[in-house]
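Student: Could you walk me through this one? I'd like to see how the labels get decided.

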Amino acid sequence: MKKKTPKPLKKGFSRRRFLRGAGLTAAGTVIAGSGMLGLKAQQLPEEKSPGAGVLNLSMHVNGRLRQMSVEARTTLADALRNELQLTGTKVGCNRGACAACTVWIDGIPTLSCMTLAVEVGERKVTTIEGLARHGKLHPVQQAFIDHDATQCGFCTSGMLLTTAHLLAQNSGPSAEEVKAATSGNFCRCGTHPKVITATLDAAAKM
Amino acid sequence: MYLKEFKFYRPGTLSEALEMLSNAENGALKAGGTDLLVEMKKGLRSYSELISLTDLAELKEQNEDAEFVRLGAGLTHSEILDSELVRKYFPAFAEAVLQIGSNQVRNTGTLGGNLCTAAACCDSAPVLIALDAEVEMMNKKGTETIALKDFFVHNRRTVLKKDQILTTVVVKKCAPHTGVHFEKFGLRQGSAIAVVSVAALLTIEDGLCKDARIVIGAVAPTPMVSYNAINAIKGRPVSDFYEKSEILLAAGKAASEDSVPIDDVRGGAQFRRNVLNTLTQRAILTALRNCNMQNTQT
């Protein structure tokens, strides 16, 4: 039997970049379409009141001061993903029920889908991209790999930030304490038992 | 699921916030946002202005005098759990707060927000009503105080006027020999919405139940006081309070008869009545045990 070898993708070409490109093309079509119908561009609110239109913000993210242009309605999750391309933060339910989007704000696990980017202010944001230090994985990250505590991986960033916070508060948690800490993080693949094992293992090695 | 556009205001003081609120056309106050933003994302509510209460130090205050503990409405649930005052005087309230949402939600959601959302299944209200809590509401004209039990009008409706901000929850310290307990029945252990909840407060004197408060949650449009359950136990000797005793069965039955539950995805009305019956008895017994424990400690 002939074995098909998949063609290597062009260097620098990613699924995400492809999708973004496709999205822009689609948007372009719509704009061109409305132009053809003779419609004027929608008037944007011009008031100078706080929050109207686009705001330029600076935000401390993973130890760096980052600039971004967002609207008042932009959630922190969207700002991180779309403005800073920090796509490790996942948006699961987008209504504060699943905790996949958990990030730290001043070290406190917070739902980024339920936080407005404008409200972060001077506080310091840590995302999954900032958990590893100096090229070395955080012990819970290593333990999740060792214990295979991920399946589809969508809840993993949130799980890691939640368990890493737990271990920062409590260096020797019981299984019950890990359960309580992660009870808001939903994993639909069912990795919860492995998450608990991995967290306890990380605690033992820290 | 993006939010609709709104203007965002971030006042630094309470008086600034009141000014913005009175000038707003269709404004809403945003505390933690864990309920508000969800409803706005779902399209159930829309506002042209959001006024953030996050920066108001006035709403974060907590203090006590001889009779009362005052808790700022802007305290997050996690801050309530960490509060020395709450842990010392109202451990049952802390237990109830621990059952709100998830860790992450408790880190953002606030006491005032939980009360103002006024969900029938609100976890913080039953205990606070049992503790005879009052709330202070402020507008530009001044401050109004109302008993928390009268604050709720209907599911998701309160007496709070459009220009008012809920600023403080005032909780009366318990009389000596008082035990309090909160029971919640949800469909799972974590991040559960209450299907039925009960708060019980008992004050014991000379072996009699001198004072009692039974508040039931998630079984009526608002958290409500079950007066018939209270009458069933008030004045009775506590030696008659034991599992399946006549008095307890009567109290459980009275509570379930006072309730007006609905059928929904989490349970049918009759199921809720049955659970409420049992939960009421359990809450009374545990409140009594808490009272006895307190007595042995002092």
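Student: What makes the count between chain B and chain A 1 salt bridge?

Tutor: A salt bridge is a side-chain nitrogen of Lys or Arg within 4 Å of a carboxyl oxygen of Asp or Glu. In this predicted model, local features need pLDDT of at least 70, side-chain atom pairs count only at pLDDT 80 or more, and totals for chains, interfaces and linings use all residues. Glu119(A) and Lys30(B) have their closest N and O atoms 2.4 Å apart, so that pair fits the rule. Residues are numbered from 1 along each chain as its sequence is written, chains are lettered from A in the order in which they are written, and side-chain values use heavy atoms, leaving out hydrogens and water.

Student: How do you know how many residues of chain B are in contact with chain A?

Tutor: Contact means heavy atoms within 4.5 Å. By that rule, 29 residues of chain B touch 35 residues of chain A.

Student: And what do chain B and chain A bury between them?

Tutor: About 2,500 Å², with 54% of it on carbon and sulfur atoms. Buried area is the accessible area (1.4 Å probe) that two parts lose on being put together, summed over both. On the chain B side, Glu5(B), Phe8(B) and Gln104(B) lose the most area, together 25% of what that side buries.

Student: Where do the domains of chain A come from?

Tutor: Their bounds come from an automatic or database domain assignment, which gives domain 1 (53-129) and domain 2 (131-206). Between these two domains of chain A, the rule finds 0 salt bridges.
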